[in-house]
Number of protein chains: 2
Amino acid sequence: MRILILGGDGFCGWPTALYLSEQGHEVAIVDNLARRAWDIELGANSLVPIATLNERIVAWQELAGKAITVHVGDLQDYAFTGQVVRDFAPDTIVHYAEQRSAPYSMIDRQHAVFTQVNNVVGTLNVLYAMKEFAPDSHLVKLGTMGEYGTPNIDIEEGYLEVEHNGRRDKMVYPKLPGSFYHASKVHDSTNIEFACRIWGIRSTDLHQGVVYNVQTAETKRDARLSNRYDYDGVFGTALNRFCSQAATGHPLTVHGAGGQTRGFIDIRDTVRCIELAALNPAERGELRVYNQFTEQWSVQQLAERVQAVAGTMGLETTIDHVKNPRVEREEHYYNAKHTKLLDLGLQPHLLTDETVRDLLTMAVEHRDRIVLDTIPAKVNWR
Amino acid sequence: MRILILGGDGFCGWPTALYLSEQGHEVAIVDNLARRAWDIELGANSLVPIATLNERIVAWQELAGKAITVHVGDLQDYAFTGQVVRDFAPDTIVHYAEQRSAPYSMIDRQHAVFTQVNNVVGTLNVLYAMKEFAPDSHLVKLGTMGEYGTPNIDIEEGYLEVEHNGRRDKMVYPKLPGSFYHASKVHDSTNIEFACRIWGIRSTDLHQGVVYNVQTAETKRDARLSNRYDYDGVFGTALNRFCSQAATGHPLTVHGAGGQTRGFIDIRDTVRCIELAALNPAERGELRVYNQFTEQWSVQQLAERVQAVAGTMGLETTIDHVKNPRVEREEHYYNAKHTKLLDLGLQPHLLTDETVRDLLTMAVEHRDRIVLDTIPAKVNWR
């Protein structure tokens with residue numbers, strides 16, 4: 001299969017590229033290297049050192065004997081986007097190429113506007129490029145579970161059967177995003193649904209949960225293939241951040257009460273979900289939504305889990321309930337369905353103490369690289 | 001009341017400015033004159049000649065003895081937007097300042113991207129300016145009934161009580177927009193709801209139906225105050241367009257079967273609805289949604305109505321069912337609630353033969369101005 005990976009230099013994109021290449025697919029990467037620039041902007045870094053994209057590609061060729069081609073450019077530039085789609089003629093376009101941090105989008109007005117324009121225009125350009133140059137290709141788009149918010153009813157996979165005043169309809173599941181970033185994903189979902197409806201585009205919108213863990217079988221093969229490990233207050237996410245905090249003796253920072261519950265997924269399952277979606281494409285005109293996570297946890301539960309495993313490694317850690325910088329419910333109902341990817345054959349890596357131990361070990365090994373100042377979540381929603 | 005009207009030079013904005021000024025409010029207009037530029041771009045014009053914004057303001061001062069201040073600039077320019085909001089210190093911000101044509105947004109990729117960026121960034125800037133400079137002011141935002149699409153259940157005013165698997169929640173009403181323009185309004189609604197939730201912004205989102213009729217008591221007072229009359233295939237809307245077609249002996253162009261049913265509102269009610277919303281502001285943190293229309297019609301019904309009235313004036317007209325350039329249901333259930341503005345005191349101008357006759361008379365009077373080539377709806381959704 002010819003698979004074009006937009007955002008293939010990022011935290012999810014890079015291991016996905018390697019995994020799909022390893023499975024024998026023909027893989028090309030599009031990336032504007034924005035994620036590396038945001039590290040510089042924020043004075044942050046990856047806890048584990050990462051090679052440049054060129055070094056990564058060369059190392060993979062050396063070790064696996066497989067070529068991945070790279071196109072450096074911005075999806076907002078349609079001349080570029082259209083040309084890549086036309087020339088590569090993909091069967092599947094995996095679209096990770098968005099600003100993906102909620103706190104980053106909430107830094108200030110400029111970052112909110114940047115996030116929405118970058119994400120919405122990039123995706124519009126991809127849709128137009130598909131229509132123009134690859135109308136039979138399949139868009140596998142990364143959305144987020146955060147599009148749904150925390151409703152008081154079960155979260156279904158994208159659509160809701162509604163009965164109202166004696167009539168019925170299957171409707172797009174109502175959205176309640178928690179940041180301007182999450183809102184940008186809702187905007188994308190709206191635009192993609194419309195493009196499928198009017199142009200017959202095929203698409204799978206993967207509403208992904210919070211991704212934890214760092215390495216996959218492929219990224220472990222060589223230090224030059226290593227994936228990035230974000231621990232800072234802007235791009236770091238719950239479990240990985242807690243492990244980095246435990247490794248440095250920093251208290252585990254739980255926002256508010258800690259009852260915030262979300263869906264979580266191991267990055268080794270992320271890459272497999274992408275392949276499952278690609279191998280089972282949507283029909284022409286169909287927008288499928290899959291909720292891409294494997295387990296639900298509250299933030300407090302994760303912190304306690306990390307604290308317990310850290311204790312067995314001799315790392316003394318405390319849990320701090322810091323004032324929540326976000327505006328969100330801290331105790332709420334949460335029951336999100338996630339059976340569709342299991343039905344396609346996903347065999348989940350559920351969270352084990354071993355995974356937490358691996359993350360802690362990695363964090364301890366590289367703890368001298370941590371920029372302490374970047375750990376607190378300073379971006380305030382208010 | 002101090003009322004800032006964003007987009008105050010447009011089809012709805014101008015009569016709103018005059019009406020609110022006549023009621024004794026202190027009115028200021030923000031406009032970037034984009035609507036006039038789009039006429040030039042499309043080779044289209046207003047069937048009724050309109051004065052420049054400066055001439056309009058001078059005439060109103062002369063005739064009504066009331067000053068309306070004007071700020072020419074683009075909401076995408078935050079330095080401008082923030083300064084106007086800070087300096088004018090509005091009680092109410094009425095936001096019409098968006099690209100409002102579905103066909104315009106579907107011309108090509110550039111027009112789709114322009115429409116979404118223009119509308120979304122303009123509105124984000126307004127929200128940030130309110131937060132920064134006028135946190136207690138009330139945003140009266142023009143949305144569209146087209147955000148809902150044509151679901152198979154009743155359309156409620158913005159929210160839906162859902163019962164699902166034995167649990168209940170009041171959710172944002174699911175959206176299914178019919179163009180990239182309509183999608184931009186959905187994006188706005190998502191962003192506004194979020195801003196109300198996190199910053200305590202007050203907002204009323206008026207999901208307006210198709211506006212018909214042209215003049216109000218104020219715009220009739222002098223030719224220099226006249227409102228624009230759009231009849232072209234891009235900016236013209238159903239009833240007004242049919243009247244202009246009847247006046248020129250052009251067949252009334254019904255798209256497809258003509259069973260497309262929508263909510264309609266007389267422009268004289270539009271201006272009154274804005275005042276009702278302004279006089280009864282939302283609470284801090286509240287996003288109210290009102291469906292702003294007074295009657296439902298199918299396109300076929302409207303065409304027949306115009307044909308009948310035109311007949312009494314000696315205008316022979318035929319109805320042509322042209323191939324539908326849009327992708328939309330041509331026969332569907334449609335029952336949209338619209339009681340909230342009535343509860344606030346709206347006394348609707350329901351569609352009368354007299355109104356149709358007025359429009360036909362106006363169109364006949366100015367029919368030599370019609371650019372025939374702009375009448376067909378040439379923009380194809382596919």
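The questions and answers below go through a predicted model and ask what lies behind the terms used for it.

Q: Why is B:Val356 called buried?
A: A residue counts as buried if 20 or more other C-beta atoms lie within 10 Å of its own, and B:Val356, with 25 C-beta neighbours inside 10 Å, therefore counts as buried. The residue has its place in helix H12 (residues 353-365) of chain B.

Q: Which residues does B:Val356 touch, leaving aside those up to four places away in sequence?
A: They are B:Cys243, B:Arg305, B:Val306 and B:Val309. As for B:Val309, 47 residues in sequence lie between its position and that of B:Val356, counted as a separation, while the C-alpha atoms of the two are 6.9 Å apart in space.

Q: What makes strand S4 (residues 92-95) and strand S5 (residues 138-144) of chain A a pair?
A: Two strands pair if at least two bridges are found between them, and here 4 bridges join S4(A) to S5(A), which run parallel, so the condition is met. Within this pairing, A:Thr92 stands opposite A:His138, and A:His95 has A:Lys141 as its bridge partner.

Q: How do you know that strand S3 (69-72) and strand S12 (287-292) of chain A are edge strands?
A: Each of them pairs on one side only, and they stand at the two ends of the order S3-S2-S1-S4-S5-S8-S12, in which 7 strands of chain A form an open sheet with parallel pairing. Neighbouring strands of this sheet are turned by 20 degrees against each other on average, direction ignored. Helix H7 of chain A packs on the sheet, touching S5, strand S8 (202-208) and S12, and its direction makes about 155 degrees with that of S5(A).

Q: What makes both faces of S4(A) covered?
A: A:Thr92 and A:Val94 on one side, and A:Ile93 and A:His95 on the other, are all buried. Strand S1 (residues 2-6) of chain A is joined to S4(A) by 4 bridges and runs parallel to it, with A:Leu6 opposite A:His95.

Q: Which residues touch the most other members of the largest nonpolar core?
A: Of its 230 residues, these are A:Leu6, A:Cys243, A:Val306, B:Leu6, B:Cys243 and B:Val306. Beyond four places in sequence, A:Leu6 touches residues including A:Val30, A:Leu75, A:Ile93 and A:Val126.

Q: How many residues of chain A are in contact with chain B, and of which classes are they?
A: 39 residues of chain A are in contact with 39 residues of chain B, and the side of chain A concerned has 24 nonpolar, 7 polar and 8 charged residues.

Key: Residues are numbered from 1 along each chain as its sequence is written. Chains are lettered from A and ligands numbered from 1 in the order in which they are written. This is a predicted model: local features need pLDDT of at least 70, side-chain atom pairs count only at pLDDT 80 or more; totals for chains, interfaces and linings use all residues. Two residues are in contact if their C-beta atoms, placed from the backbone, lie within 7 Å. Ala, Val, Leu, Ile, Met, Phe, Trp, Tyr, Cys and Pro count as nonpolar, Asp, Glu, Lys and Arg as charged, and the others, Gly among them, as polar. Axes are lines fitted to C-alpha atoms, for helices over the stretch in contact, and angles run from 0 to 180 degrees between N-to-C directions. A nonpolar core is a set of buried Ala, Val, Leu, Ile, Met, Phe, Trp, Tyr and Cys residues joined through C-beta atoms within 7 Å. A residue is buried if 20 or more other C-beta atoms lie within 10 Å of its own, exposed if 12 or fewer, and partly exposed in between; C-beta atoms are placed from the backbone.
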